[in-house]
Amino acid sequence: MPEGLPRVGSALLVRDGDNRILLGKRNKDPQRGSWVIPGGKIRAFESVDEAACRELREETGLEVEVKGRFRVYEIINPPHEHRIIIYSWGKLVGGTAKASDDLSELAFFSPHQLSGLQTSPLVRKVLIDAGLVGHDVAEHSGQRQLNFVFLPVLLHSAKTNASGRLRQSKAARRTHSKRTPRIDNAPLLFDGQS
């Protein structure tokens with residue numbers, strides 16, 4: 001495993017007075033051109049809150065107050081990427097918005113505007129989990145969502161009575177044992193994920 005992994009970062013979901021969320025357009029690889037939630041690496045002996053405020057100030061010129069944790073997310077792409085990102089809520093308290101070298105643009109977006117932006121899969125998930133973007137929004141980040149519909153299927157040998165209801169065979173009518181429901185929990189793997 002490469003030295004220094006996993007990398008631990010802190011990022012802030014910052015809202016303005018109009019309940020819009022702050023995003024920056026990434027100006028470096030990976031994800032160049034995608035809108036991201038400002039944040040970065042936590043330095044040694046720096047608290048999560050201190051790192052979030054420092055990174056936001058460096059990347060945006062804005063001053064914030066951390067208002068509490070949101071969630072922790074993990075990205076694992078062996079053999080070179082393993083990141084843990086701690087997301088917190090932030091309140092804008094001052095500063096002048098100016099994008100740093102890491103970001104080409106800064107903007108506050110309403111929930112309606114967020115749905116059409118190009119984001120990374122992780123940023124899209126964070127925005128959905130935060131309730132800022134709906135689950136039914138078409139994915140513009142390359143992720144695909146599969147929707148399953150389960151329909152009852154009548155077997156060829158099934159017989160119905162005059163009212164259209166299925167008739168039980170004599171053997172089935174004689175058997176009155178309780179059935180135990182079967183529950184299968186298994187991950188669905190797509191595109192080589194494991």
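This report describes the fold, strand pairing and two helices of a predicted model.

## Overall architecture

The protein chain contains four helices and seven strands. Their order along the sequence is β-β-β-β-α-β-β-β-α-α-α.

Of the 194 residues in the protein chain, 31% count as buried. Among contacts between residues at least 6 apart in sequence, 61% join residues at least 24 apart. The protein chain has an accessible surface of about 13,700 Å², and carbon and sulfur atoms account for 51% of that area.

## Strand pairing

Strand 6 pairs with strand 5 and with strand 1. With strand 5 the arrangement is antiparallel and comprises 14 bridges; a hairpin of three residues connects these two strands. One of the positions concerned is Glu-63, whose bridge partner in strand 6 is Gly-94.

Strand 1 and strand 6 run parallel and are joined by nine bridges. Here Ser-10 stands opposite Ile-86 of strand 6.

## Helix 1

Helix 1 covers residues 48-60. Its 13 residues, at 1.5 Å a residue, should span 18 Å, and the end C-alpha atoms are 18 Å apart, so the expected and modelled spans agree. Just after the helix, Gly-61 adopts a positive phi of about 80°.

The buried residues of helix 1 are Val-48, Ala-51, Ala-52, Cys-53, Arg-54, Glu-55, Leu-56, Glu-59 and Thr-60. Their cover includes strand 1 (7-15), strand 2 (21-26), strand 4 (39-41), strand 5 (62-77), strand 6 (81-95) and strand 7 (103-109).

## A buried acidic residue: Glu-59

Glu-59 lies in helix 1 and is buried, yet it has no salt bridge. The nearest side chain of opposite charge is that of Arg-26, 6.4 Å away. A salt bridge requires a side-chain nitrogen of Lys or Arg within 4 Å of a carboxyl oxygen, so a separation of 6.4 Å does not qualify.

Leaving aside neighbours within four places in sequence, Glu-59 is in contact with Pro-38, Gly-39, Lys-98, Ala-99, Ser-100, Asp-102, Leu-103 and Leu-106.

## Helix 3

In helix 3, which comprises residues 121-129, the buried positions are Leu-122, Val-123, Arg-124, Val-126, Leu-127 and Ile-128. Strand 1, strand 3 (35-36), strand 5, strand 6 and helix 2 (111-114) are among the elements that cover these residues.

Strand 1, strand 5 and strand 6 thus appear in the cover of helix 1 and also in that of helix 3. Helix 3 is followed by Gly-131, which has a positive phi near 75°.

How values were computed
Residues numbered from 1 in each chain as written. Predicted model: local features only at pLDDT ≥ 70, side-chain atom pairs only at ≥ 80, totals over all residues. Heavy atoms only, no water. Expected span 1.5 Å × (residues − 1). Buried < 20%, exposed > 50% of the residue type's maximum accessible area, 1.4 Å probe, protein only. Contact = heavy atoms within 4.5 Å. Lys, Arg positive; Asp, Glu negative; His and termini not counted. Pairing = 2+ DSSP bridges. Areas by Shrake-Rupley, 256 points an atom, 1.4 Å probe, with all protein chains shown as cover.
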